[in-house]
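Got the structure open in your viewer? Keep the selection tool handy, and let's walk through it stop by stop.

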Amino acid sequence: MNRGIRSILFTALATLLWGVGGTLWAQEQVRSEVVLCIDSYNYYIHTVGAQQGIDDVAAIYGLSSGEVCQANQIAPTDSLVEGRVLRVPCYERTTKLAPRRGDKRFERYAVGRGESLFDVAVANAISLDTLVVDNSGVDITDISAKRTINVRKSAKGLTQLPEIERSSRRFAELLNGLSMVYEYFVVEAGQTLYSLGVKHCSGVDVLAEENGFPEVIHAGQVLKCAHAHVEPLAEVLVSEIDQLLAIEPDSVDVAGEGEMVLREFDDQVLTVAMMLPLTNHGKVRGNFVEFYQGALLAAEDIKAEGRSMDLRLFDVAHNPQQVADIIAQDSVAGGEIDLFVGPVYEEDVAAVASVERPVVLPLTSKLDSIKGRHLYRLAPTAASRADKLAGLIAPTTNVIMVYTSKVDQDMEREMLDIIGDHPYGKVIYNEAFEVDSLQSRPIEELMTVDDNLFVVLADNEIETDRSLAIISSIMNSRQPKYGTNRVPVRVVGSAEWARYRNMDKNLLFKLDVSFLTNYHADRGNEAVKAFDRRFIAAFGRQPSTFAYRAYDAVRLFATAMFAGGDLTTELNGSVTPLLQVPYSFTEEEGIMVNDSWALVNYRPNYTIEVK
């Protein structure tokens, strides 16, 4: 949004900021009492009064009109609209503007490590506006540099949390109209520092640093992120495509529209076609860009082993006809391609299934009518999944099924089949997340002192987080009954939980959570760490599971094809180092399917086991 439009919007906003009875930004004919730290400098927050011009505002603060114009990026000839909020440079020491030590009207609140001004307001039930007025030059997102905060005694205990949250939102709106450097936003319920770092900033570390390394964050709190660390997603992805085309210019040759060919080596060449939906309606799809980036690094490693690979990239755009057109090209139909990686969608596979060369299906989970022993599906079978989960239940295990308003029905059917005749307890929560006592019993009554295995069937992030929080709370409350040892609790869940951005991940460790996944990368593993470093150096960002899957697929299949002989035998006996899980292929319903699942277990000692 350009600053002219923002100016108009925030002028209108200023007239509504505090509503009836609001006082903080009443229209100023005199010097404002409010001084905020914005963009690392102190500014008076001045609301333009009736018929005030730039010269009038400058005179109130003893400044030149040029200083006011420069601070607000306006011209000396601009007229000011009544109600507009300006930032006016404050050159006085803020200690002279704030209440002095010993003033009996105030308490000195010692700022704790990682606390925010929002935390101080909530702890003292005091208005955020009052704290800002009484602490000149405060940065509402970061008070880490301050030792104490002035708290007005007469105002303590008078403001409830909802009003503090509303005030916090008004500050975020105001600061977004005044800051030239930062984007301000309000924490919503369920959000974490990690999820906000991904959404608003270039990572959790940057977000934490810019906000004083908060210990915890709360709904309603204001955080900031520098615009320099915020880049529109579409621009990021287009930039990554440009980076791909610029990798090792002396070894890359663009062979034609939609494809890229690495230079040939001095050995026999393995030609691999990467058939990915890189675009959708003209927009670049970041996941599949990362998939290709992972394949590039696999090609590098194969090159380092003295092998030659011709890696060709085709954008199939999730369009079956486009796949068919590519297969019909002379260079493809004529047998030049030794290995296909992709497509990734079931409806796009039919055209590739007609070729007589190995086809790796990296993400497709099912193929209803397409057959062929040359088709290798990396997604594992349901039967092997059930076998792995059954190992979690011993004869003495106390199983408790937890139902919510939205249930993962596939997981429910699977677990009921596995449980069979084994007895289990049942907890059902209604939409208000209260136990439905007509159909179930409270968790407290179902738990035992032995092995408690909770099967949480929630099918969304909010209900999953709340279910785990309730189990954790009950586990804590039962702790004293059994001495210092923790109540034995395990939880079975969905692999989707690891991808939830707003859920409290500490609960996964505390509750000994296990789930099955067909892909998992242990970021503590040295091989994965080395790959991460290479990926970041090459592409400027942390790799996702798409990059790991691509690396493993290309590395595994290319190595097996170079070995010669029966491909399936080579794949199943492979010792090629992979980033995620091992693969084992068997024939099922006319295609070759992986039957290897990974059981991921978040241990209470904050380690992750993969079996």
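What follows is a short tour, from the whole chain down to single side chains.

Before you click: this is a predicted model, where local features need pLDDT of at least 70 and side-chain atom pairs count only at pLDDT 80 or more, while totals for chains, interfaces and linings use all residues. Numbering runs from 1 along each chain as its sequence is written, and side-chain values use heavy atoms, with hydrogens and water left out.

**Whole protein.** Start with a cartoon view: you'll be looking at 22 helices and 25 strands. These are DSSP runs (helices H or I, at least four residues; strands E, at least two), numbered from the N terminus. Of the 611 residues, 51% are buried, and buried here means under 20% relative accessible area with a 1.4 Å probe, counting protein chains only.

**The largest core.** Now select Met-274, Met-309, Leu-311 and Phe-557, which have the most contacts inside the largest nonpolar core, a set of 47 residues. Such a core consists of buried Ala, Val, Leu, Ile, Met, Phe, Trp, Tyr and Cys residues joined through side-chain atoms within 4.5 Å. Add strand 10 (269-276), helix 11 (286-304) and strand 13 (308-315), which are among the elements that supply at least two residues each. Which helix gives the largest share of this core? Helix 21 does, with eleven residues; find it at 545-563.

Stay on Phe-557 and show its surroundings. Leaving aside neighbours within four places in sequence, Phe-557 is in contact (heavy atoms within 4.5 Å) with Leu-339, Val-360, Tyr-376, Leu-378, Leu-571 and Phe-585. Another core, of 35 residues, lies apart from the one you've just toured; pick it up through Val-34, Leu-36, Val-111 and Leu-178, which are among its members.

**Rings.** The whole structure has 13 aromatic pairs. Rings of Phe, Tyr and Trp (its six-membered ring) pair if their centres lie within 6.5 Å, and planes under 30 degrees apart count as stacked, over 60 as edge-to-face and the rest as tilted. Select Tyr-583 and Phe-585: they're stacked, 6.2 Å centre to centre with 10 degrees between the planes. Tyr-583 is buried at 8% relative accessible area, and Phe-585 is buried at 3%. Next, light up Phe-531, Phe-535, Phe-539, Tyr-548 and Tyr-551, which form one aromatic cluster.

**Charges over rings.** Last stop: Arg-87 lies over the face of Tyr-43, 4.4 Å from the ring centre. The charged end of Lys-426 sits over the ring of Tyr-403, 5.0 Å from its centre. To count, NZ of Lys or CZ of Arg must be within 6 Å of the ring centre and within 35 degrees of the ring normal.

How values were computed:
Buried < 20%, exposed > 50% of the residue type's maximum accessible area, 1.4 Å probe, protein only.
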